[in-house]
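Hi,

Here is the structure I promised to pass along. My notes follow below it, so have a look at the fold first and then read on.

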Amino acid sequence: DNACLLDAIVRFGKENARGIAVVDNTVTDAELEKLHEGGVRGLRFSVWNPHNAVVTMDDCLPLSQRIKDFGWNIQLHMSAAQIASYAELISSLECKVVIDHMGRLEPKLGTSDPAYKVICQMVDRGNTWIKLSGPYLNTYQGEPWEDATSTARAIAQFAPERVVWGSDFPHVTEKNKPDERDLVEMIPLWLPTEQARKLALSDNPRQLYGF
């Protein structure tokens, strides 16, 4: 039910906000058009935890074909191993693709995770972005998440024109929720130059979400 999402976009103003909806392939064309008019610019597939997933990758390809003319993206929250496993399917998507939470690479491996090369190959295709978010999901050291910072910086350096930043508010997976100010203060650590910050926080989101 994306009603709350649509209401939030109205409250923020469609000139200020965009939404990522969750649907399966039973959604009608009229419903997709309503979502687009309401400010939605993508669909999220969160399959990292199969116990609470409400969508399946079976719907990913057919939905990507239905939304590509809207200019939407498919946002994928998957483990690094899942990304590698579904690499052929993901690479076949003709719409924009967003890899969520830095690809959920194995924290102890970081960019040495074999899936990182797979993600880089996807980025090189030209239609894939990576979201720099969720340091607490990409760490084995804990706060201040220095291992996640190393991963984020490496990704941003590899693909400065294909990264966007996110706070991951309201941190629904976390019992002890991080302070938003701490996350914002990590931006210059992850994106150490003014140009990198401009790309990740302004130029890239404008291109990806149609601001």
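Thr149 is a good place to start: its relative accessible area is 12%, so this residue counts as buried. Please keep in mind that this is a predicted model. Thr149 belongs to helix H7, which covers residues 146-158. Leaving aside residues up to four places away in sequence, Thr149 touches Met186, Leu189 and Trp190. With Trp190 there is also a polar contact, side chain to side chain, at 3.0 Å.

You may wonder about the cysteines. How many disulfides does a search of the whole structure find? The count is zero. For Cys60, the closest cysteine sulfur is in Cys95, 7.2 Å away, and a disulfide needs the two sulfurs within 2.5 Å, so that pair is too far apart for a bond. Cys60 is buried, at 0% relative accessible area. The sulfur of Cys120 also has Cys95 as its closest cysteine partner, but at 20 Å that is too far for a bond. Cys120 is buried too, with a relative accessible area of 10%.

Lastly, helix H10 (residues 194-209). Its 16 residues should span 22 Å at 1.5 Å a residue, and the end C-alpha atoms lie 21 Å apart, which agrees. Even so, H10 has a kink of about 40°, centred on Ala200. Ala200 is one of the buried residues of H10, and others include Leu199, Asn204 and Pro205. Among the elements covering these buried residues are strands E1 (19-21), E2 (40-46) and E5 (128-132). After H10 comes Gly210, with a positive phi near 75°.

Best wishes

How values were computed
Residues are numbered from 1 along each chain as its sequence is written. This is a predicted model: local features need pLDDT of at least 70, side-chain atom pairs count only at pLDDT 80 or more; totals for chains, interfaces and linings use all residues. Side-chain values use heavy atoms; hydrogens and water are left out. Helices (H or I, at least four residues) and strands (E, at least two) are DSSP runs, numbered from the N terminus. Buried means under 20% relative accessible area, exposed over 50%, partly exposed in between (1.4 Å probe, protein chains only). A polar contact is a pair of N or O atoms within 3.5 Å; within protein, one must be able to donate a hydrogen and the other to accept it, and residues adjacent in sequence count only if both atoms are side-chain atoms. Contact means heavy atoms within 4.5 Å. The expected span of a helix is 1.5 Å times one less than its number of residues. The bend at a residue is the angle between axes fitted to the seven residues ending there and the seven starting there.
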